[in-house]
Amino acid sequence: MRKFWILCKVNLLNTFGLNRLKKKFGNKSGFLRLGMPILTVFLGLLFLGFSFFYIALYSQIFVMAEQYEGILYLGFGLGGLMMLLTTITKANSYLFESKDYDMLMTLPVPTRTIVASKITQLSILNYFMLLYFAIPSVVLYGIYTSPSIFFYLGALGVYLLFPFLIMTICSAISYGINLLLGRMKRKNVVQVIFMIVFFVLIMVGSMSLSSSMSAIEGDDVEAIIQMATNIQTVMKYLYYPSVFMVEGLLGSITHYLLYVVISVLPFIGFIYAVGKGFTKAQSRAKMTYTNQNFVLKEEKATSPVMAVFKKEVKLLFSNANVFMNTAIAPIMSTFMLVFYIITQKELFTELGSIMNSDMMIAVLIALVTFMGTIITTTASSISLEGKQFWIVKVAPIEPMAIFKAKILVNFVLTVPTMLINAIVVAIVFKPGFVNLVFFIILPLLVNLLMGALGLMINLCFPKLDWDNPLKAVKQGMSVVLTMFISMILMVILGVFFVFISPFLGAQLTFLALIVLLGLALLGMYYLLKSAGVKRYHAIQA
């Protein structure tokens with residue numbers, strides 16, 4: 001048991017980088033020592049606040065229909081959906097393709113202890129994910145119904161048991177998918193396409209629900225009841241054991257015990273199966289496609305920037321989960337634009353009657369720029385080098401060439417989506433040529449600026465000691481800071497436009513923004529060339 005707790009402790013310290021943060025900020029000023037934990041807590045509470053607002057907003061339909069149990073279906077259903085995404089994308093790399101497998105097997109620790117620590121780590125991740133949806137749903141249900149203390153005790157038990165069945169099913173699916181794709185030549189491309197389609201379907205479902213709710217009249221009781229019933233039906237079909245869960249929380253001991261059995265027994269079988277076949281599963285999961293007819297061809301000479309660029313593109317597409325968490329933003333900007341144009345025709349018609357063409361273009365620029373730059377590939381591009389970063393450092397390539405290639409990857413991913421966005425806007429809104437040029441140039445300039453800024457932040461906060469590349473993206477401080485700064489930048493640009501455009505006009509304000517962004521880019525170039533290069537050489541490979 002002692003070895004199990006030691007492994008769990010090491011996994012948690014490595015996952016959250018606590019020792020590295022302590023070493024980095026331990027000798028700094030009191031502001032930095034206190035500021036980083038406060039910032040982390042603030043961001044966590046901010047996300048919880050967004051989740052609470054989202055569930056409270058959609059819970060109103062259950063309140064109006066007097067179907068309060070729907071709040072529980074909604075909260076735990078959304079939590080289950082997020083856990084499904086997390087487990088399918090991470091279970092295989094956590095359990096069967098962990099980079100520390102060889103090291104762990106050399107330790108004087110039983111295999112079952114290693115397996116237990118891995119499953120515990122995956123469980124903790126799911127508990128954190130579920131927490132942001134379970135708390136709002138339970139609190140809101142308690143506010144509207146005032147249940148007894150036994151409801152809250154039962155809710156605590158549900159919270160502890162809820163991840164078990166989802167982890168069991170999704171881990172098996174994740175292992176099976178990776179085992180099947182391991183024999184395919186283009187498995188990474190297939191995974192990327194599958195993840196994009198799955199993510200788009202989720203977004204379509206969420207936005208369709210929002211559109212349906214906004215279309216319901218406040219006094220249309222039958223429509224409200226029907227929608228509340230439909231949402232609960234969808235949640236039941238997506239995760240049928242939730243029926244036993246909700247009925248158990250409402251007072252049925254029989255349903256609650258059935259839910260406990262359905263959750264615990266498969267999980268016990270899952271632990272037994274993983275523990276028994278852990279070594280074989282590791283070997284099978286690492287099988288890859290090999291080309292039997294490989295012919296060595298003459299390599300073509302290329303510039304250092306293009307060589308690093310090709311390497312970065314291959315690295316980005318080598319892991320579907322990394323791609324979805326770094327390069328999905330430009331794709332989502334196009335999807336959001338097309339979806340809102342299709343589903344919100346009346347809204348855009350009303351805006352068109354209120355705003356002139358210049359103001360409408362400003363709104364569209366803000367939409368696609370925010371969605372396209374909220375996540376950048378450069379914010380984790382240094383961290384993704386991992387333990388192979390020393391290879392990049394000893395290569396005969398100037399640091400600025402590496403920086404340019406990494407920023408270029410982020411920029412190239414945005415160009416096709418921006419051209420598609422421009423075509424859609426040109427067909428639907430028919431803006432003038434000048435406004436259309438502004439619509440293309442401004443988001444691209446912001447993309448370049450955020451790409452350079454994200455790279456600089458990643459140079460300051462690299463995370464190279466990961467055993468799963470997804471940790472470099474999702475648990476890297478540089479990614480969070482880049483997203484936060486991106487939101488602040490969008491607010492600054494929006495405020496500038498609102499206050500300056502009445503005096504200069506929209507088009508001259510667009511020109512002023514282009515000049516300001518160009519100056520900011522020039523400043524970032526010199527910052528990377530000086531402080532960035534120094535920081536690059538200072539990173540321990």
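**Close-up 1. Ser 146, an exposed loop residue.** In this predicted model, Ser 146 has a relative accessibility of 59% and so counts as exposed, since the cut-off for that class is over 50%. Look for Ser 146 in the loop between α6 and α7, the latter spanning 149–181. The backbone deserves a glance too: phi of Ser 146 is near 50°, a positive value in a residue other than glycine. As background, most residues other than glycine have a negative phi.

**Close-up 2. Glu 66, in the loop between α3 and α4.** Here we visit the loop that lies between α3 (30–65) and α4 (69–96), where Glu 66 is found. Glu 66 is not a glycine, yet its phi is positive, at about 60°. Is this residue buried or exposed? With a relative accessibility of 62%, Glu 66 counts as exposed.

**Close-up 3. A nonpolar patch on the surface.** Six names to find in this view are Phe 128, Leu 131, Ile 135, Val 139, Ile 143 and Tyr 144, which form a nonpolar patch on the surface. Together they have about 490 Å² of accessible area. Ile 143 is a good residue to start from, and helix α6 (residues 111–145) is where to find it. Its relative accessible area is 56%, so Ile 143 is exposed. A helix reminder may help while you trace the view: an α-helix has 3.6 residues a turn, so residues three or four places apart point the same way.

**Close-up 4. Helix α10, mostly covered.** This view turns to helix α10, which runs over residues 241–249. How many of its residues are buried? The count is 8 of 9, so the helix is mostly covered, buried being under 20% relative accessible area. The buried residues of α10 are Pro 241, Ser 242, Val 243, Phe 244, Met 245, Val 246, Gly 248 and Leu 249. Follow the chain onward, and just after α10 you meet Gly 251, with a positive phi of about 130°.

**Close-up 5. Thr 279 and Tyr 101, far apart in sequence.** Thr 279 belongs to helix α12, which covers residues 278–285. In sequence, Thr 279 and Tyr 101 are 178 residues apart, while in space their C-alpha atoms are 9.3 Å apart. Thr 279 has a relative accessible area of 38%, so it is classed as partly exposed.

**Close-up 6. A salt-bridge network around Lys 311 and Glu 385.** The count for the model comes to 4 salt bridges, and this view follows some of them. Begin with Lys 311, which forms a salt bridge with Glu 312, the closest N and O atoms being 3.2 Å apart. Lys 311 is partly exposed, with a relative accessible area of 33%, whereas Glu 312 is buried, at 7%. Lys 311 also forms a salt bridge with Glu 385, and there the closest N and O atoms are 3.0 Å apart. That pair links distant parts of the chain, 74 residues apart: Lys 311 sits in helix α13, and Glu 385 in the loop between α17 (357–373) and α18 (389–394). Glu 385 is buried, with a relative accessible area of 8%. Next comes the salt bridge between Glu 385 and Lys 406, where the closest N and O atoms are 3.0 Å apart. Lys 406 lies in helix α19 and Glu 385 in the loop between α17 and α18, so this pair ties together parts that are 21 residues apart in sequence. At 2% relative accessibility, Lys 406 is buried. Through shared partners, salt bridges join Lys 311, Glu 312, Glu 385 and Lys 406 into one network.

**Close-up 7. The largest cavity and its lining.** Rolling a probe the size of a water molecule over the atoms shows where empty space is left. In this model, 4 cavities of 30 Å³ or more are counted, and the largest has a volume of about 80 Å³. Which residues line the largest cavity? They are Glu 312, Leu 315, Leu 316, Thr 326, Thr 377, Ser 380, Ser 381, Leu 384, Lys 406 and Val 409. Two elements, α13 (304–317) and α19 (399–428), give two or more residues each to this lining. The largest share, 3 residues, comes from α13. By class, the lining has 4 nonpolar, 4 polar and 2 charged residues. Readers coming from the previous view will recognise Glu 312 and Lys 406, both lining residues here and both members of the salt-bridge network.

Note on methods:
Residues are numbered from 1 along each chain as its sequence is written. This is a predicted model: local features need pLDDT of at least 70, side-chain atom pairs count only at pLDDT 80 or more; totals for chains, interfaces and linings use all residues. Side-chain values use heavy atoms; hydrogens and water are left out. On a 1 Å grid over the protein atoms alone, a cavity is a set of points where a 1.4 Å probe fits but cannot get out, and a pocket is an open set with protein on both sides within 12 Å along at least five of seven lines; lining residues have an atom within 4 Å of a point. Grid points are joined across faces, edges and corners, and a volume is the space filled by probe spheres set on the points. Helices (H or I, at least four residues) and strands (E, at least two) are DSSP runs, numbered from the N terminus. Ala, Val, Leu, Ile, Met, Phe, Trp, Tyr, Cys and Pro count as nonpolar, Asp, Glu, Lys and Arg as charged, and the others, Gly among them, as polar. Patches are made of residues with over 30% relative accessible area and no salt bridge: like charges are joined within 9 Å, nonpolar side chains (Val, Leu, Ile, Met, Phe, Trp, Tyr) within 5 Å. Accessible areas come from the Shrake-Rupley method with a 1.4 Å probe; for residues, only the protein chains shown count as cover. A salt bridge is a side-chain nitrogen of Lys or Arg within 4 Å of a carboxyl oxygen of Asp or Glu. Buried means under 20% relative accessible area, exposed over 50%, partly exposed in between (1.4 Å probe, protein chains only).
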